[in-house]
Amino acid sequence: MAVHLRHDWSREDVLALFALPFNDLLFQAACVHRAHHNPRQVQVSTLLSIKTGGCPEDCSYCPQAARYSTGLNAHKLMDLDVVLDKARAAKAAGATRFCMGAAWRAPKDRDVEKVAAMIEGVNALGLETCATLGMLTPEQAERLKGAGLAYYNHNLDTAPEYYDSVIRTREYEDRLDTLEQVRRVGMKTCCGGIVGMGETREHRAGLLQTLATLPTHPESVPINRLVQVPGTPLHGTEQIDPLEFVRTIAVARILMPGSMVRLSAGREDMSDELQALCFLAGANSIFYGEKLLTTGNPDTEKDQALFARLGLEPMPAPEPGEHVHVDLGAVESAA
Ligand code: SAM
Ligand code: DTB
Ligand code: SF4
């Protein structure tokens, strides 16, 4: 279904949504959710860290940055057969998308060749594929698309004006450039950020405004709540108010109606009630399986019980060629 989506949200528009009385905001978000999606269905993705730790970047939240002492065991790129065994297990547990993450600033061409073989193998199992490998050259984006990669995850992480407080080794512009390469070759983008990093509401609005004014809305928008890992600079940051977290989900839903809004990292210490509010606010995707990349996630049995309690069901994978939504983009919508 092709839909006209707004790409001209101002910072004031976004802040006005954040400022609504909580129930008004949730009601509006739930209406938008129901107009664009089946509210009983939640898309389920499983993550696998195919290359762990030893990363040269300085992302202040990340346990995989080599410069922080987080006690993590670094691991070289996994062998293809191990990745495919993990993908088979994820499918058997009920996941429909398999996301492979690597702790690279940017992959080398020979790494991309190895990941391309993984993508082909995971596609052959009937799972949707996603990868997050860092910055890409135009040629690398082409190669991944050619291998059949459906989604590329590359987060903006936070508002442009708060970014330097979190990451110094990579520019915001670099992230926007990689997203541009991904869109150009026709892959879907999975792009969101992290909240609970000491940012203000203005910064949360800035992240969401930037996402919602990209040339096309990311097809998946992961909203991560910071997982605080001892040894990282952000360990010990004051936690975000849970209701403010729900507001962030609701505003993301209203700004990007056709996207999958993912209740991402940070679910392990969320109550069922908080997660239920997030689903009411329009979240319709989760990471499913005991592990994120290096940190914990709820057990599959626990998530299955939560779905049963809430009357939710896993979203079936789209048929090949079927589009969840087609964002006509900023230029066409304005015409
Ligand atoms: N190295 C690649 C990159 O940064 O583009 C890909 C992997 S990186 C771990 C993917 C994303 O995970 C980051 O952009 C960040 O949004 C998220 N992330 C990492 N550590 C996190 C944490 N402690 N809490 C929440 N999200 C986190
Ligand atoms: C995203 O937005 N969140 C995921 C995925 N994309 C790659 C990663 C969360 C990582 C949490 C910390 C860890 O497990 O290392
Ligand atoms: Fe490296 Fe990615 Fe972690 Fe940043 S988020 S330190 S780039 S693995």
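Visitor: How many nonpolar, polar and charged residues does the shell around ligand 1 have?

Guide: This is a predicted model, where local features need pLDDT of at least 70 and side-chain atom pairs count only at pLDDT 80 or more, while totals for chains, interfaces and linings use all residues. Residues are numbered from 1 along each chain, chains are lettered from A and ligands numbered from 1 as written, and side-chain values use heavy atoms, without hydrogens and water. Sorted by class (Ala, Val, Leu, Ile, Met, Phe, Trp, Tyr, Cys and Pro nonpolar; Asp, Glu, Lys and Arg charged; the others, Gly among them, polar), the shell has eight nonpolar, five polar and two charged residues.

Visitor: Which residues come nearest to ligand 1?

Guide: There are 15 residues around ligand 1, each with a heavy atom within 4 Å of it. Of these, the nearest are Y61, W104, N155, D157 and V227.

Visitor: Which residue has a polar side-chain atom 2.7 Å from an oxygen atom of ligand 1?

Guide: Let's go through the polar contacts, pairs of N or O atoms within 3.5 Å. With the backbone, a nitrogen atom of ligand 1 is 3.2 Å from a polar atom of A102, and a nitrogen atom of ligand 1 is 2.9 Å from a backbone N or O atom of V227. The side-chain partner at 2.7 Å from a ligand oxygen is D157.

Visitor: What share of the area that ligand 1 exposes when taken alone does the protein bury?

Guide: Accessible areas here come from the Shrake-Rupley method with a 1.4 Å probe. Taken alone, ligand 1 exposes 560 Å². The share of this buried by the protein is 91%.

Notes: A polar contact is a pair of N or O atoms within 3.5 Å; within protein, one must be able to donate a hydrogen and the other to accept it, and residues adjacent in sequence count only if both atoms are side-chain atoms.
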